[in-house]
Amino acid sequence: MSKKIPHRLYLTEEQMPKAWYNLRADMKEQPDPMLNPATGKPATEEDLYPVFCKALAHQEMDSETRYVEIPEPIQDFYKMYRPSPLIRAYNLEKALDTPARIYYKFEGNNTSGSHKLNSAVAQAYYAKEQGLTSLTTETGAGQWGTALAEACSFFHLPLTVYMVKGSYHQKPFRKAIIQTFGGEVIASPSDTTEAGRKILAEHPDTTGSLGCAISEAVEKAVTTPGCRYVLGSVLNQVLLHQSIIGLESKIAMEMLDEYPDIIIGCAGGGSNLGGLIAPFMQDKLLGRANPEIIAVEPASCPSLTRGRYAYDYCDTGKITPMAKMYTLGCGFIPSPNHAGGLRYHGMSPILSKLYHDGYMRAVSVEQTRVFEAAVLFAQQETILPAPESAHAIRAAIDTALACKESGESKTILFGLTGTGYFDMTAYSSFHDGTMTDYIPSDEDLAIGFAGLPKIPGIQE
């Protein structure tokens, strides 16, 4: 049978999905509502208008529309780099001597090198349609900032990117490519915002976090006329846009007469994982299939495996609405390791709810083991993976080796969401033996938990 399955399968443009899938429409229980930080009451769509453009605010709150039509200009943009290939990892299977069949959905066929462009183009499009004149955002490893810079350049929208300071210095070429597409890049926390100045006053030597960068970007948006903020992960709207990854994957696997027994994705804020699993989770929710779904996060920032399921701010400066999610506390500052875009203190409310209700499980892995997997994968499959994606590779390899031990021939699908060409400092530190594994202690985590908001009647 394996000889009949090609190494790479591309859908045609005609086979590409014409609508995004809204996972919330099939959830038996909805995530708890976001809360307005000023009132402590459920946020309304209108409450989001000062931060997000109106169409995106509507998508954020819509839990009923199962399929959302992809506007034609976005479909046309997608066709420049989509559909992305579904690839059978034959060489990796052989190297592992496993009976498992390993597939990966490769989202690196665009200049950003990641899946982030799927949502970036949507958010830039809706902002342009509303007549907005500029956007702000944050970025961790740089993939989101790069993707949004591409999209904003296409739609002629000025962009300011607040990049986590640790990554800003680790990955100078990410800054260069964002600038190539016209984006302004600022190391966060910075002295350009009130939120940044406050964080620097309290932690002058901080390497920053996504929560810090979000605070600065939101402040810039709400204090600048005609400007709005856009986020590359966590939010419901982002998981909606990223569902195209899973929708394409499912169509391709059906063409191969395959269905994954196990689906694996790296987990930071949740955009890649949520997008990859969306149609398969629909099958699980509706009782049509029961795939095992695994979220893989860094041991240095273990929001699912060691976090608390509670209401928390989505940013360090406590400007944004509060979301019920697995969190380490918005004040948690992760180590400046090479997990990059997976160093967010919380997790998508949708994925947090599904995890809490037992529809998926989570594992955390140390970064040296992640890079061991990345190097093996690169040697066998010729693609240099980003550190974020390599977390999923680590779990896929471990799962395939477990199949070898048990003799089970399971089908594994994982998301390869980024390329590692801007992460050579990380690869160098792995090869020269200077890479270390940091795992926060219970005492470290207790500091973040102590700062969780007290909400009368909801979270005392």
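# Close-up views of a predicted model

**Figure 1. A cis proline in a loop.** Pro83 sits in the loop that runs between helix H2 (72-78) and strand E4 (86-88). This is a predicted model, and here the peptide bond from Arg82 to Pro83 is cis, with omega near 0°. A little background may help: most peptide bonds are trans.

**Figure 2. A cis bond at Pro189.** The loop between strand E8 (184-188) and H8 holds Pro189. The peptide bond that leads into Pro189 from Ser188 is cis, and its omega is near 5°.

**Figure 3. A positive phi at Asp97.** Look for Asp97 in the loop between helix H3 (90-96) and strand E5 (101-106). Asp97 is not a glycine, yet its phi is positive, near 55°. For most residues other than glycine, phi is negative.

**Figure 4. The largest pocket.** Welcome to the largest pocket, which encloses about 450 Å³ of space. Its lining is made of 20 residues, and those closest to the centre are Ile199, Glu202, Thr316, Gly317 and Lys318. Which helices each supply at least two residues of this lining? They are helix H8 (194-202), helix H9 (210-222) and helix H17 (442-450). H8 gives the most, with five residues. Sorted by class, the lining of the largest pocket has eight nonpolar, seven polar and five charged residues.

**Figure 5. The second largest pocket.** About 240 Å³ of space lies in this second largest pocket. There are 17 residues in its lining, and Asp32, Pro33, Met34, Glu60 and Asn236 are nearest the centre. The lining of the second largest pocket divides into 11 nonpolar, three polar and three charged residues.

**Figure 6. The second largest cavity.** To find empty space, one can roll a probe the size of a water molecule over the atoms. Searching the whole structure turns up five cavities of 30 Å³ or more. The one shown here is the second largest cavity, with a volume of about 100 Å³. Which residues line the second largest cavity? They are Met34, Val51, Phe52, Ile214, Tyr229, Leu231, Leu235, Cys314, Thr320 and Pro321. By class, nine residues of this lining are nonpolar, one is polar and none is charged. Met34 may look familiar, since Met34 is also one of the residues nearest the centre of the second largest pocket.

**Figure 7. Helices H4 and H5 packed together.** Helix H4 (residues 117-130) packs against helix H5 (residues 143-154) at an angle of about 40°, and their axes are 8 Å apart. H4 and H5 are therefore oblique to each other. Their crossing is right-handed. On the H4 side, the contact is made by Leu117, Ser119, Ala120, Val121, Gln123 and Ala124, and on the H5 side by Trp144, Ala147, Leu148, Glu150, Ala151 and Cys152. This contact of H4 with H5 has nine nonpolar, two polar and one charged residues.

**Figure 8. Helices H14 and H16 crossing.** Here helix H14 (residues 367-381) and helix H16 (residues 424-431) cross at roughly 100°, and their axes come within 11 Å. That angle makes H14 roughly perpendicular to H16. Which residues of H14 meet H16? Thr368, Phe371, Glu372, Ala374 and Val375 do, and their partners in H16 are Ala426, Tyr427, Phe430 and His431. In this contact of H14 with H16 there are six nonpolar, two polar and one charged residues.

How values were computed:
Residues numbered from 1 in each chain as written. Predicted model: local features only at pLDDT ≥ 70, side-chain atom pairs only at ≥ 80, totals over all residues. Heavy atoms only, no water. 1 Å grid on protein atoms, 1.4 Å probe; cavity = no way out; pocket = protein on both sides within 12 Å on 5 of 7 lines; lining within 4 Å. Points joined across faces, edges and corners; volume = space filled by probe spheres on them. Helix = DSSP H or I, 4+ residues; strand = E, 2+ residues; numbered from the N terminus. Nonpolar A, V, L, I, M, F, W, Y, C, P; charged D, E, K, R; others polar. Axes fitted to C-alpha atoms, helices over the stretch in contact; angles between N-to-C directions. Parallel < 35°, antiparallel > 145°, perpendicular 65-115°, else oblique. Left-handed = near helix turned anticlockwise from the far one by under 90°. Contact = heavy atoms within 4.5 Å.
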